[in-house]
Amino acid sequence: MSKIENILSKSITSELSNEEQNILESWIAESEHNTKEYEAYVQLWEKSKELVYSDSIDVDDSLHKTKAKISGFKRSWNFATLIRQAAAVLLLSLSLSVLFHYISTNEKDSAQNEQPIYQEITAAYGTKTKVTLADGTSVWLNSGSILRFPSTFKNCNRREVELRGEGFFDVEKNQKKPFIVNTHMLDVKVYGTSFNVCAYEDYSNMTVALVEGKISLMKQSVGENKELIALNPDEVVEYDAYNRKLYHSSDNYMDKYTAWKEGQIIFYNDPIERVAQTLEKWYNVEINIVDPSLHSYCFTAKFLDESLEHVLKLLCLSSPMKYEIIPSQKRSDHSFSKRKINLSIK
Amino acid sequence: MSKNISDNNEFLLLELQNGQERAFDYIFRKYYKALCAQANIYVHDLDKAQSLVQDCFVKLWNLRGSLDQVNRLAPFLSLMVRNKCIDHLRKIKTQQQLQESENYGIVDIHSDSNILFHEFEERLVVALSALPERCRMAFEYSRFEELSYKEIAEKMDVSVKAVEKLISRALKILRKELKDYLFLSFLFFDLFSL
């Protein structure tokens, strides 16, 4: 009986061999009951045709939608849905990264023989600029700073950029390709971290402040890289180019080095020279400290989007200092000089 | 109708009555596709069919406290879906009548005269959902996706012989479940052909 059932079902769903065909035919001919049985099978098959089971139905998604229509279900205690949502997010990000990898490896193939193209970005005076590099690293440029970087890091074994001025770097991790910031003084070598570099060419010093991760300062002498010092988070190194000295210190007020990228100027017990330097770059002015006795003053202050006049007023309120603004002068070549600020004792 | 292969999921019903979400999920996963297929016969629009079936599940959840009278879940769900579909078609009919009353005769074909005709598919939906999982899979591949035994064997990772057995078993059970209906309709066809 079992055998004939197999043949019966096979006859309507699939093709029979000659031998099976013979068995079936003789079985059908055996009795009226058998004939009816066969016809019932054929009918069952024919009539079920209209029922369409679609592969396009997503049962889990539909279940989710249905539950959304039921007010009694709180989604927070629906752990299974949470898991599914998490899985969906994971899957999406996974496929995105696979896609990204695919695209970037394709890029690599096509860019194999190309020299990287260098780009330069300048933050004009009084402005801040943010740029994202090809590896995902973000760089904020402070007023009057220039960053030179390649359009791709694909063919290099290190990610090198050149900074003139001040920048805050949030470097994507890549152990295989160190990220190196070249300045006119020292180089900063990192693997993945965030830190601030202040190296204006007209400054006699360079300051590097590390927010997180690990970085080291390098000195490039002919053909070799010499590691000078490694920094831990919340540490600051100041390099004095005149005396060729490094000042390594710990500073809990890290935001005074990085606040500029949020549009803030922060001073924590900073000497007047640093205040002047910062304001010079920020407002594109020239500041003269007229009275030498002012050098002994330190300032602590925080400014957000203030005008130069307002900042100066506030600084003078808190100290026996006064300021004088000398408007910009028209030079003989019809350009204008910077505004000058003279700071003196009241 | 043989009781042993039907879904007398008393436990499941009890859990649902107690407001167990897991039971709801299980029932949804088990019957959703089949019920969509059923609804699709009426509305010929899979998206609409899904939306109607989802409404039925919402109703099932809201009714869960008063499910004592229900002893078999699949026929109950199938009936709910059928009623929902007919409601839907009536609504469409009324709308169309309002819009274009001259098409009355054509629109009428949709409604009551066709309801009896779908009983077979509804029985099939119920019977299919009660099949052992792998039997049902094999049958669905063969019938609805029109795959060959060889393709099904590959998909299910079993031998062709095993597929033969699964489908044969599925057909035997369905044949038994739909016995009354098959003979009835057989007579119908005879009457028509006379």
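The following exercises, each with a worked solution, concern a predicted model of chains A and B.

**Exercise 1. Confidence in chain A**

Determine which elements of chain A have the lowest and the highest confidence.

*Solution.* Begin with the chain as a whole: chain A has an average pLDDT of 82, and 91% of its residues score at least 70. Next, turn to the individual elements. Helix 5 of chain A, residues 79-111, has the lowest confidence, with a mean of 74. Strand 5 of chain A, residues 159-170, has the highest, at 91. A general caution applies here: where pLDDT is low, the predicted coordinates should not be read in detail.

**Exercise 2. Strand pairing around strand 5 of chain A**

Establish how strand 5 of chain A is joined to strands 3, 4, 6 and 8, giving for each pair the direction and the number of bridges.

*Solution.* Take the partners in order of number.

1. Strand 3 of chain A (residues 138-141) runs antiparallel to strand 5 and is joined to it by four bridges. In this pair, A:W140 lies opposite A:F168 of strand 5.
2. Strand 4 of chain A (residues 146-150) is likewise antiparallel to strand 5, with three bridges. Here A:I146 has A:R164 of strand 5 as its bridge partner.
3. Strand 6 of chain A runs parallel to strand 5, and four bridges join the two. A:V161 faces A:V181 of strand 6.
4. Strand 8 of chain A (residues 194-199) is antiparallel to strand 5, with six bridges between them. A:G165 stands opposite A:A199 of strand 8.

**Exercise 3. The partner of strand 6 in a hairpin**

Identify which strand of chain A forms a hairpin with strand 6, and state how many residues lie between the two.

*Solution.* The pairing comes first: strand 6 (residues 179-182) and strand 7 (residues 187-190) of chain A run antiparallel and share four bridges. Within this pair, A:F179 is placed opposite A:V190 of strand 7. The connection follows: strands 6 and 7 of chain A form a hairpin, with four residues between them.

**Exercise 4. Extent and composition of the interface**

Describe the contact between chain B and chain A, and find which helix of chain B supplies the largest share of its side.

*Solution.* First, count the residues: 51 residues of chain B touch 40 residues of chain A. Second, consider the area. About 4,400 Å² is buried between the two chains, 62% of it from carbon and sulfur atoms. On the side of chain B, the residues losing the most area to chain A are B:E21, B:K33 and B:R143, which together account for 15% of what that side buries.

Third, count the polar contacts: 13 residue pairs between chain B and chain A are in polar contact, both residues having pLDDT 80 or more. Fourth, assign the side of chain B to its elements. Helices 2, 3, 6, 7, 9 and 10 of chain B each supply at least two residues, and helix 2 provides the largest share, 13 residues. By class, this side comprises 28 nonpolar, ten polar and 13 charged residues.

**Exercise 5. Salt bridges between the chains**

State how many salt bridges cross the interface of chain B and chain A, and locate the residues of the pair A:D60 and B:R29.

*Solution.* The structure holds 22 salt bridges over all chains. Across the interface of chain B and chain A, seven are found. One joins the side chains of A:K67 and B:E21, with an N to O distance of 2.7 Å. B:E21 was also named above among the residues that lose the most area to chain A.

A further salt bridge links A:D60 to B:R29, whose closest N and O atoms are 2.7 Å apart. This pair crosses between chains: A:D60 belongs to helix 4 of chain A (residues 59-69), and B:R29 belongs to helix 2 of chain B.

Methods:
Residues are numbered from 1 along each chain as its sequence is written. Chains are lettered from A and ligands numbered from 1 in the order in which they are written. Side-chain values use heavy atoms; hydrogens and water are left out. pLDDT is the predictor's confidence in each residue, from 0 to 100. Contact means heavy atoms within 4.5 Å. Buried area is the accessible area (1.4 Å probe) that two parts lose on being put together, summed over both. A salt bridge is a side-chain nitrogen of Lys or Arg within 4 Å of a carboxyl oxygen of Asp or Glu. A polar contact is a pair of N or O atoms within 3.5 Å; within protein, one must be able to donate a hydrogen and the other to accept it, and residues adjacent in sequence count only if both atoms are side-chain atoms. Ala, Val, Leu, Ile, Met, Phe, Trp, Tyr, Cys and Pro count as nonpolar, Asp, Glu, Lys and Arg as charged, and the others, Gly among them, as polar. Two strands pair if DSSP finds at least two bridges between them.
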